[in-house]
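User: I'd like to learn how to read a model like this one. Can we go feature by feature?

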Amino acid sequence: MPPKHIFGPVLSRRLGISLGIDLIPYKTCSYNCVYCECGPTTDKTITRQAFFPTHDVTAELRTVLASRPHLDSITLAGSGEPTLSKSVGPVITFVKHNYPEYIMSVLTNGSLMTNRGVRDELALADRVIPTLTSASQETFERIHRPHPSLRIAAIITGMVQFRKMYSGAFWLEVFIIPGVNTTAEELAGLNDAILRINPDQVQLNTLDRPPVEGWVEAATDTELERIRDVLGRSDAGIVSRKPPISHVTKAMTEAGDLIQATLCRRQSTVEDIVRTTGLTGVEVTKILGMLERAGTVTSQRGTCGVFYAICQKNTPNEDS
Ligand code: SF4
């Protein structure tokens, strides 16, 4: 039986070769972001739950990690907000205890960092990467369409509190939507928040895959560089759209299965799949054609190219 909670490895733009762990039912999230690549949120909640038995996840991890594969990160991510799961702490603890050679990362929208228990569990990880788009409640609501109880001021304070207690790597993702959080006022608010939070790194990110709302546009590299200058963060990273080529996953499974497994988790271009799998462009194109003709895969043209996805398949999000 294929793993239900483990996906990849995928080649992450930020993390390198990343094995994903998804602890959340599809699109269960505290936000419903206009830029989400996984579709609309179907269960908007801030209530932490034991969605799945932790043992199911750790059993899958034992199987997948039995061969001690080369990985740059084991990452809590997926098609919703990981910290909604009560398994976050236990799963991180399991990995760090049994596989201490791996870097344990968490991609989070940061909304539950207001919760002391969540902060304590996240502190067990080696690397925590929350998202910030605005310090303004109005813009926060426009971009994230959050659970009505959420206030960005409290979330920023939660990040500040977490930073003070956390000795691991704290990378803050600042997601840029041109025309929405790129005004002088917005950037001034972001600058103040970043100074308060004091992350180890700021990473400027923008749209890379078809969003939920068609009006959302990607920022150009020039715009991201301008914002980096305005923020006065010459050290801020701009998340590359071109990750390094990897051949590691090539031998992991049959090419068709590998491509489907990749598309089950995220929409991808041919180029993405080539980089993720190590297959050649010709092989990927040929197999995608067969899968498309069989009705297994569908394609859609976006601003960044043609994206392929599994038909009517719920797909978790690595770059949540
Ligand atoms: S982008 Fe992440 S935080 Fe936003 S709705 Fe999608 S899964 Fe939730």
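User: Leaving aside its neighbours within four places in sequence, which residues is phenylalanine 170 in contact with?

Analyst: Start from the contact list, then place the residue. This is a predicted model. Beyond four places in sequence, phenylalanine 170 is in contact with Val128, Arg163, Pro199 and Asp200. Phenylalanine 170 sits in strand β8, residues 169-176. A C-alpha distance adds to the picture: serine 105 is 65 residues away in sequence, but 9.9 Å away in space.

User: Is phenylalanine 170 buried or partly exposed?

Analyst: Count C-beta neighbours. The cut-off for buried is 20 or more within 10 Å. Phenylalanine 170 has 19 inside 10 Å, so it counts as partly exposed.

User: How far can I trust the chain, going by pLDDT?

Analyst: Take the mean, then look for weak stretches. The mean pLDDT of the protein chain is 88, and 90% of its residues reach 70 or more. Residues 244-252 stay under 50. The model has 18 contacts beyond four places in sequence for that stretch.

User: What does the radius of gyration say about the overall fold?

Analyst: Compare it with the value for a compact globule. For 320 residues that value is near 20 Å; the protein chain has 19 Å, which agrees. Along the principal axes, the C-alpha atoms fill a box of roughly 50 × 40 × 35 Å. Burial can be read for the whole chain too: 45% of the 320 residues count as buried. The chain holds ten helices and twelve strands. Now look at sequence separation. Among contacts between residues at least 6 apart, 74% join residues at least 24 apart.

User: Which domains does the assignment give?

Analyst: Read the bounds, then the contact between the parts. The assignment gives domain 1 (6-238) and domain 2 (255-310). Their centres, over C-alpha atoms, are 25 Å apart. Ten residues from domain 1 and eleven residues from domain 2 make the contact.

User: What supplies the largest share of the side of domain 1 that touches domain 2?

Analyst: Strand β1, residues 6-12, with four residues. By class, that side of domain 1 has five nonpolar, two polar and three charged residues.

User: Strand β1 also holds proline 9. Is the peptide bond from glycine 8 to proline 9 cis or trans?

Analyst: Read omega. For the bond from glycine 8 to proline 9, omega is near 10°, and the bond is cis.

User: Next, helices. Which residues of helix α4 are buried?

Analyst: List the buried residues, then ask where they point. In α4, residues 137-144, the buried ones are Thr139, Phe140, Ile143 and His144. They lie on the same side of α4, because they cover an arc of only 110° around the axis. Their cover includes α5 (152-165) and α6 (184-197).

User: Why is helix α9 called largely enclosed?

Analyst: Count buried residues against helix length. Six of the eight residues of α9, residues 270-277, are buried, so the rest of the structure largely encloses it. Those residues are Asp272, Ile273, Val274, Arg275, Thr276 and Thr277.

User: Which residue with a positive phi follows α4?

Analyst: Check the backbone angle, then the setting. Arginine 145 follows α4, with phi near 45°. Arginine 145 lies in the loop between α4 and α5. It has 18 C-beta neighbours inside 10 Å, so arginine 145 counts as partly exposed.

Asparagine 198 is another case: its phi is about 60°, positive although it is not a glycine. It is found in the loop between α6 and β9 (201-206). Asparagine 198 is exposed, because 12 other C-beta atoms lie within 10 Å.

User: One more loop. Where is glycine 39?

Analyst: Place it between its flanking elements, then check its surroundings. Glycine 39 is in the loop between β3 (28-29) and β4 (43-44). It counts as partly exposed, because it has 16 C-beta neighbours inside 10 Å. Beyond four places in sequence, glycine 39 is in contact with Lys27 and Val212. Proline 90 is 51 residues from glycine 39 along the chain, and their C-alpha atoms are 28 Å apart.

Technical notes
Residues are numbered from 1 along each chain as its sequence is written. This is a predicted model: local features need pLDDT of at least 70, side-chain atom pairs count only at pLDDT 80 or more; totals for chains, interfaces and linings use all residues. Domain bounds come from an automatic or database domain assignment. Two residues are in contact if their C-beta atoms, placed from the backbone, lie within 7 Å. Helices (H or I, at least four residues) and strands (E, at least two) are DSSP runs, numbered from the N terminus. Ala, Val, Leu, Ile, Met, Phe, Trp, Tyr, Cys and Pro count as nonpolar, Asp, Glu, Lys and Arg as charged, and the others, Gly among them, as polar. pLDDT is the predictor's confidence in each residue, from 0 to 100. The arc is that of the directions from the helix axis to the C-beta atoms. The radius of gyration is taken over C-alpha atoms; the globule rule is 2.2 Å times the number of residues to the power 0.38.
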